[in-house]
Amino acid sequence: MAERRGVCLVVPEQGGRPAKRGLEFEPDYQLYASLQPFLLCDPASSLSDSEESVFSGLEDSGSDSSEDNNNEGEDEISCDKGHSRTEGQAQTGSPGLRTEMAKASSQDEYQEDSSDEEDIRNTVGNVPLEWYDDFPHVGYDLDGRRIYKPLRTRDELDQFLDKMDDPDYWRTVQDRMTGRDLRLTDEQVALVQRLQSGKFGDVRFSPYEPAVDFFSGDVMIHPVTNRPADKRSFIPSLVEKEKVSRMVHAIKMGWIQPRRPRDSTPSFYDLWAQEDPNAVLGRHRMHVPAPKLALPGHAESYNPPPEYLLSEEERLAWGQQEPGERKLNFLPQKFPSLRVVPAYSRFIQERFERCLDLYLCPRQRKMRVNVDPEDLIPKLPRPRDLQPFPTCQTLVYRGHSDLVRCLSVSPGGQWLVSGSDDGSVRLWEVATARCMKTVPVGGVVRSVAWNPNPTICLVAAALDDTVLLLNPALGDRLLVGSTDQLLDAFTPPEEPALQPAQWLEASEEERERGLRLRISHSKPVTQVTWHRHGDYLAVVLATAGHTQVLIHQLSRRRSQSPFRRSHGQVQCVAFHPNRPFLLVASQRNVRVYHLLRQELTKKLMPNCKWVSSMAVHPAGDNIICGSYDSKLVWFDLDLSTKPYKVLRHHKKALRAVAFHPRYPLFASSSDDGTVIVCHGMVYNDLLQNPLLVPVKVLKGHTPTRDLGVLDVAFHPTQPWIFSSGADGTIRLFT
Amino acid sequence: TGGLEKKNSATNYITRNKARKKLQLSLAHFRRLCILKGIYPHEPKHKKKVNKGSTAPRTFYLIKDIKFLLREPIVNKFREYKVFVRKLRKAYGKSEWNTVGRLKDNKPNQKLDHIIKEQYPTFIDALRDLDDVLSRCFLFSTFPRTGKCHVQIIYLCHRLTVEFLHYIIAAHALRKVFLSIKGIYCLAEVLGQPIVWITPYAFSHDRPTDVDYRVMATFTEFYTILLGLCQLPPLPVAQPPLSTKARESAQTEVKAREDTYALDSESAMEKLAALSAILARVVVPAAEEEAEADEFPADGEMAVQEENRRKELLAQEKHKKLFEGLKFFLNREVPQEALTFIIRSFGGDMSWDKSLCIGATYDVTDPCITHRIVDRPGQQTPVISRYCYFPGVQLPPHLSPFVSEKKGDYIPPEKLKLLALKRGEDPGNLKESEDEEDEEEEKEEDDKGDGDEEEEKDVEAGLEKNGEAHLAALEEQRLEEKKPRVMAGTREAKCLAIMMRKKRERYLYQKIMFGKRRKIWEANKLAQKREAHDEALRSEKKAKKARPV
């Protein structure tokens, strides 16, 4: 056995797998038997039977080797046995027996197989033989002598000659343990060939024997086991009983229900077979059916007309828009043929959005505004029927070098006075646009007012913190003289009362220029206005506090402050044309004071941010207010303290408003450079509301420095209107 | 806080959460219930009042609606189903397969018939709402059979849509078709109700992730039942398009022809889906024709109306038989289902290559094929003897038949041409103007002595000049409208009057005028674009001409 292990078969020409494994795996006794003599008659070692005993002479040194030997002996015997048995088996052909035999033989094999068997011809042990490559020997024999490698002097030519000459060359292999050449026997060659071709090493073993079941399919007369049946096979199962009772309980309790019979009615049938034409929707009447989807337009076509395709910029704009804002929810595209039209990637999303619309969106019936825009324009009387009113620009009064803040017309209508930022007051002849007089005052003239009394020829002008009273010395000499006389007739009282303003006489040279009196205040004056009789003069000061409004009496040269408390910044004041009222416009409202009773009679709420100007209708029952938030408010004092009408005609802030003293006209001027003349008819019948119709938009002034028309005044007798603008001109429209 | 005190509009509304609590439903069930019952939120007139002074965005439902839901038996079904699912999950978790089987046997099923009857008391009502139904079913029928939605629903949608198409074919109810980039829009008229639906092109979808398929599935469940119930009622054809008899006949036919294809049932379904088969149909009852022949002795105006109506009917009849007797053959690159449906519903016969799809009725070599529809870039084998033969020719733009331009709208010149054609010719002969399907494909016309077809082409060429003239006239008219035609005097008066408008009227007026101006601006923009395009084309043509010389 040991020898068999030690041999490593290398077949030079076929170069097959190592035979060692095969040998180990499938013990072939015959081969083994045949190998043994071959090993024994190894020419190099020239071993004999006796020598074998020499090998086994080790028995003295180790007990296991003796065992080995014993085993070998036994092996021989079992081998023989195997031979005989196999022959017998071949004769009987009984498979059962054969397996048994195989078992027995394998047992034998393991008996003789020992782990420590080794090649005792070479005692180097189990080391790689490459270690001896550089030595002349391959190991040591039992006596410790070197086993020399056979001389390998033969060169390739010799080898070739050997190959040619030696008929057994192909079966010669080298024993690596000893370095000698071995010649394989026929049996060994046959074994190698069988193994190479994947067959069993044993020639006689047939792998294709018919399989025989352990138990046959036939019913035998005897049972396989003769065990008596258990008791439990006769007794009903408790577990099952428990299960059944549990089920019964569950059924009783209704936990388990029997299978419901299948619904035999068809799922689709004629639902509307008996239609009730009067059937109202099961719900209330407010149900709104879902609106249908919008139908596609030309742009959605796969091949739209070229104008529906988006240009590059439009495409970019489309991409930047929010999806909800887009007018089209897709990009129009053009395809040359239907074949190349791809799937629409948002198809599912769009259907889903429709779902959401259907169940999440509130539905409302929206009345489509089907109004002709013409119907929205109110039907007004034709302007032609409301004539006369100023329609076109006739005269331009040039002379001022800066914006003209204010203007006033003489009560006779012949003269015009204007104050400007260039520090002068100019007097004009209305009919010729000729500048009759220029009074340099040396400061911004904020307000001018011609005395409305036709017997007095006097002009009040607000300059910084003084009010100048000028006698223009125009027109009737008599009139001029009487005015001067009137002013000179004043005799100062014995004890001068404490006054909020000082009255100063003009100096001689000032008198030359026309100045008569100077009323000086502590604060700048913003507005000056006359009472209709021409004796009283109201002044607005630009201060905070109760002394914003002062009233001066010309004949007695007295001043008084009528209010004890302030109600906000006063913008302008006006005397009522026929009743003892004083109207004070503060920033947000207009107060009407009774001067005799000294009480507040009315407080008008114009609902504006900042009132800029105010005018009173000559009849006295209506007031208009202009405001900086470009509104014109008309109050009917008999009607309410709320505006009767709010007109938003101008685009920019209103600067001045005015009523015509005779004709039913009023005008407003604004920073947008226009003057709008409206027809404002007030009826004597108290039940009829005033009729307000815009009749003319007068354009002429050019806005400069964001200021347009700063003041506006009507001619006292003619339907003419004067306007002064930021462009330094005064214009007359007739 | 007595109920009597606040008898105002606030008591009419209820927030969604409160409604949910009142119905004792989860949000998902509430949503489902709303979808099935067609309940939608309402916008109160005074939102702040209803919302107790808060301006938070809240959804309000009408209290009447919620009370209406309170009595709904389907709510109990929801609860049953919830319990069923819970039990089933438990049984699965415990691996009690017996219980699972038993539970599945007793799966609660809900019927929606009563809801449909309630929402649509009459058949016409149901038909009116069929737009959404069809679009959704056509979409679902194109879904893959594996995936998020139940396969049965997809099969059902497919079956129902096929049956519907068969009905439309049989009833010749198709009126308009439009090939958009989104899909194919069709308009059919059933019992006088226009029904529009959109079918996606036959490609696989890329599944969007921002879509709640449960909501879609709930809608689809409702819609399938509605569509299924709409199939059978007494339509004028008097017979459901897919009677069992028809189904059988189709099945036997398939068996006889191609028994190697697939399972019988499947192939029968596919065969039906191919739409090419002419289904067995009961003869059209004579009642319809009689109804048409009715005539009333009428006086002047009525007579004119009657005349118009009769003319219209006549045109429609002609329109229905547009392709009668013509035989079409589809090349494989042409969308088969859509074209088959369109051509069959106008009375033509269809076939295609056998290898392309099941249901081919005749071969390419059939000598009686009159038209062949091709959509290929390369030159086909030219048939020289044919006149109307234009493979690879650039088609004129395809216009939407759904648009009816009003006065002042921009009308593309192609449409003007069509309109002129329509007016010039008698409407029956106007094939191209009425139907878009002719324009959509390059067409090889294998006409057998189809003389009037050529004639029509000539006539068309002649009419083109008329069309141009008319176009110019219309353009002029449009431009004229734009012009300020108000005279100076009245204009000023108008300006002054405009100043006197009330605030509300002013806003309305401004809105209207803005809308008008925008409309004009848009029309002008389109016209300009078109002009620029035409100009570019012309210059290109000139350059081309100049080059060879």
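Below, a colleague asks about a predicted model and its modeller answers.

Modeller: In this predicted model, local features need pLDDT of at least 70 and side-chain atom pairs count only at pLDDT 80 or more, while totals for chains, interfaces and linings use all residues. Residues are numbered from 1 along each chain as its sequence is written, chains are lettered from A and ligands numbered from 1 in the order in which they are written, and side-chain values use heavy atoms, without hydrogens and water.

Colleague: What share of the residues in chain A is buried?

Modeller: Buried means under 20% relative accessible area, exposed over 50%, and partly exposed in between, with a 1.4 Å probe and protein chains only. Chain A has 734 residues. The buried share of chain A is 41%.

Colleague: Which residue of chain A meets Lys182(B) in a salt bridge?

Modeller: A salt bridge is a side-chain nitrogen of Lys or Arg within 4 Å of a carboxyl oxygen of Asp or Glu. The N to O distance here is 3.3 Å. Lys182(B) is buried at 5% relative accessibility, and its partner is buried at 13%. That partner is Glu350(A).

Colleague: Why does this pair join two chains?

Modeller: Lys182(B) lies in the loop between strand S3 (174–179) and strand S4 (184–190) of chain B. Glu350(A) lies in helix H11 (residues 347–360) of chain A, so the pair joins chain B and chain A. Helices (H or I, at least four residues) and strands (E, at least two) are DSSP runs, numbered from the N terminus.

Colleague: Is Arg227(A) buried or exposed?

Modeller: Arg227(A) forms a salt bridge with Asp230(A) at 3.9 Å, N to O. Asp230(A) is partly exposed at 29%. With a relative accessible area of 66%, Arg227(A) is exposed.
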